[in-house]
Amino acid sequence: MLESGKIPPGPEGHRFVGNLPEFSKDPLAFLTHCARTYGDIVRLGDRNFLLAHPDLIGTVLKDRASEFVKSTSTNGRPRSGFPEAMMNSEGQDWLTKRHLLQPLFHNSRIARFASTISERTEAMLQRWQDGDVLDVRREISRLTLGLVVSFLFDDEIGDGWRDVNAAVEGVMDLTASSVRFPARLPTPTNIRLSRSLRRLDRVIDDLIERHRAGLSHGMLLTALVGGDATHGHMRDEIATLLMSGHETTSDALVWLWHLVSLHPEIDAVMAREVSEVADGQAISDVHLRGLSYIDATVRETMRLYPPAWLTHREASRNCEIAGYQVMAGTALAISQWVTHRDPRFFENPMEFRPERWVRGSRSALPKFAYFPFGGGPRLCIGARLAMVEMILITATICRRFKLLPAPSESVRPRPALALQPLGVQLIATPRMTG
Ligand code: HEM
C-alpha cells in the first residue's frame with residue numbers, strides 16, 4: 001500500500017546544487033555508490049530517481065512502458081538536436097516512424113550484409129603490419145562507420161566519413177562535459193559542435209540529392225522519400241541512425257579487444273573456435289551459430305562496458321513504483337553500468353568471464369539484469385545488426401592477428417552519450433596459420 005508522499009532514500013546532496021558535483025565528477029562511481037548504499041530505488045535529487053533492480057527496470061521499460069516517456073532532458077540538458085527522429089519521438093508518431101524503418105533491419109537483409117562486414121574487415125587488416133602500435137579506436141570506428149553507411153544507404157560517402165566522425169565527436173564532447181552552456185553562447189565546444197553539425201548536414205543533403213537524382217537506390221532513402229518525410233525528419237533520422245549505429249558498436253569492439261588483450265587464455269579459445277568453424281573460408285553468416293564463444297565474449301564485454309550505460313524515462317503522470325510516489329515529470333535513471341555489475345546477479349561481477357554466456361552454463365538471470373540494448377517497445381532497432389557486426393569483425397580480426405597491450409597504453413572509460421574507451425593502444429602480431 002502506498003504511503004502518501006513516501007520518498008526513496010538517497011544522498012543528501014549540497015544546498016542549491018544537490019548531487020550534481022559528485023555526478024559530474026564521476027557518474028559511473030557515483031551511480032554505483034548510490035545503488036549499493038541506498039538500494040534498488042534511490043532519490044538522486046528533486047524529481048530524479050535511479051532504478052537499480054531488474055524488476056523495476058522491467059516495469060518502466062516494458063510492463064508499464066505507456067506510463068513513461070523518453071525524457072526530454074538529462075539533468076536539464078536537451079537530449080538531442082534531432083527532435084524529429086524516431087528515437088526521439090513518442091506515441092503514434094514514434095510507432096509510424098518505427099514501422100517505416102523496421103524493414104531495413106530485417107534478418108534476411110542483415111544476413112546478406114554479412115559478407116560486406118568480413119570483406120571490409122579484411123581490407124582494414126591488409127593495412128596492419130607486424131609490430132604496429134594501433135590506435136584501435138580510430139581503426140575500428142572508421143570501419144563501423146563505413147559499414148553503417150553501406151548498410152543504411154547501399155552507398156559510399158567517400159571523404160564524408162570525416163565529417164560524420166567530426167559531428168559524432170562533437171556530440172560526444174558535449175555530452176561528456178559536466179558544464180553545458182546554452183547553444184547560442186560561442187564557447188569553443190559549441191562552436192566546434194555547430195561547425196561539425198553543418199558539415200554533417202552537407203553530407204546528408206548530398207546523400208539525399210544523389211538519391212533523388214537516381215544515383216543511389218538505398219532502402220532507407222527510398223522509405224523516407226516514398227513516405228513523404230519532411231527534409232527535417234529525413235535529416236534527423238539519418239543523423240541519429242548514423243550516430244547510434246556506429247559509435248556504440250565501435251566502442252563495444254574496442255572494449256572487447258582491450259579486455260581480450262589482457263586475457264590470453266580467452267584469446268586462445270576464440271582463435272581455436274574461428275579456425276574450427278570457418279576453416280580458412282571467408283567468414284559469413286553461415287558461421288554465426290558456430291561462433292558461440294565469440295558471441296559470449298561480445299556479450300560479456302557489453303556487461304562490463306555497456307556502450308549505452310545510462311538511459312532515462314520520465315513519468316508522464318503521477319504514479320507509484322515499488323511503493324514510492326512518483327510525481328509526473330520525475331526523471332527515472334536506469335544504468336546498465338550499475339545493474340550489470342550487481343553481485344546479486346553476477347558472481348564476481350568485476351571478472352571478465354565469457355563462460356557466463358556459453359550455452360548450457362548460463363544460470364537463470366532475472367530479465368533486465370542484463371539489457372545492453374534496452375528492452376520493451378523501445379528495444380534497440382539495430383540490436384541484431386550490431387551483434388552480427390561485432391561477432392564477424394571479432395572473428396575476422398582474431399583469425400589474422402593477436403593484439404597485445406602496448407606499454408604506453410593507459411585506458412579509461414569516458415561516460416559520454418556512449419561509454420567510450422579512451423587510450424586503448426594495441427600491438428598487432430600476425431597469428432601463425434597452418
Ligand atoms: C552495440 C551496439 C548498440 C547498443 C549497445 C545499442 C543500445 C541501444 C539502447 C540501450 C537503446 C534503447 C534506449 C532507450 O530505451 O532509451 C537503443 C535504441 C536505438 N538504437 Fe541502438 N544500440 C546499438 C546499435 C545500434 C545500431 C547498429 C543501430 C542502427 C543502425 C541502432 C539504432 C537505434 C535506434 C534507432 C534506437 C531507438 C529505438 C526506439 O526508440 O524505438 N542501435 N540502442
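Which residue forms a salt bridge with D342? Keep that in mind for a moment. One point before we go on: this is a predicted model.

The answer is R36. In this pair, the closest N and O atoms are 3.9 Å apart. Now look at where the two partners sit. R36 belongs to helix α2, residues 27-38. D342 is in the loop between α13 and α14. The two are 306 residues apart, so to speak of distant parts of the chain being linked is fair. Across the whole structure, a search finds 19 salt bridges. The pair R36 and D342 is one of them.

Next, the ligand. Around the ligand there are 27 residues. Which come nearest? They are W94, R98, R313, R378 and C380.

Let's take some of these in turn. Start with W94. An N or O atom in the side chain of W94 is 2.8 Å from an oxygen atom of the ligand. Then R98. Here a polar side-chain atom lies 2.7 Å from a ligand oxygen. R378 also has a polar side-chain atom beside a ligand oxygen, and that distance is 2.9 Å.

C380 has another role. The ligand holds an iron atom, and C380 is the only protein donor to that iron. The atom is SG, at 2.3 Å. Find C380 in the loop between α13, residues 336-340, and α14. D342, from our opening pair, is in the loop between α13 and α14 too.

Which elements build the shell around the ligand? Four of them each supply at least two residues: α4 (91-101), α10 (231-261), β7 (311-315) and α14 (383-400). The largest share comes from α10, with 5 residues. By class, the shell has 15 nonpolar, 8 polar and 4 charged residues.

Last stop: empty space inside the protein. How many cavities of 30 Å³ or more does the structure hold? Just 1. The volume of the largest cavity is about 40 Å³. Its lining is made of V260, S261, P264, D267, K402, L403 and L404. Three elements give two or more residues to that lining: α10, α11 (264-278) and β11 (401-405). β11 gives the most, with 3 residues. The lining splits into 4 nonpolar, 1 polar and 2 charged residues.

Notice one helix that came up twice. α10 supplies residues to the shell around the ligand, and α10 also helps line the largest cavity.

To close, here are the places to find on screen. Find R36 and D342, the salt bridge. Find C380, the donor to the iron. Then find β11, at the cavity lining.

Definitions and conventions:
Residues numbered from 1 in each chain as written. Predicted model: local features only at pLDDT ≥ 70, side-chain atom pairs only at ≥ 80, totals over all residues. Heavy atoms only, no water. Near = heavy atom within 4 Å. Polar contact = N/O pair within 3.5 Å; in protein donor to acceptor, adjacent residues only side chain to side chain. Helix = DSSP H or I, 4+ residues; strand = E, 2+ residues; numbered from the N terminus. Nonpolar A, V, L, I, M, F, W, Y, C, P; charged D, E, K, R; others polar. Donors = N, O, S within 2.8 Å, 3.2 Å for Na, K, Ca; no water. 1 Å grid on protein atoms, 1.4 Å probe; cavity = no way out; pocket = protein on both sides within 12 Å on 5 of 7 lines; lining within 4 Å. Points joined across faces, edges and corners; volume = space filled by probe spheres on them. Salt bridge = Lys/Arg side-chain N within 4 Å of Asp/Glu carboxyl O.
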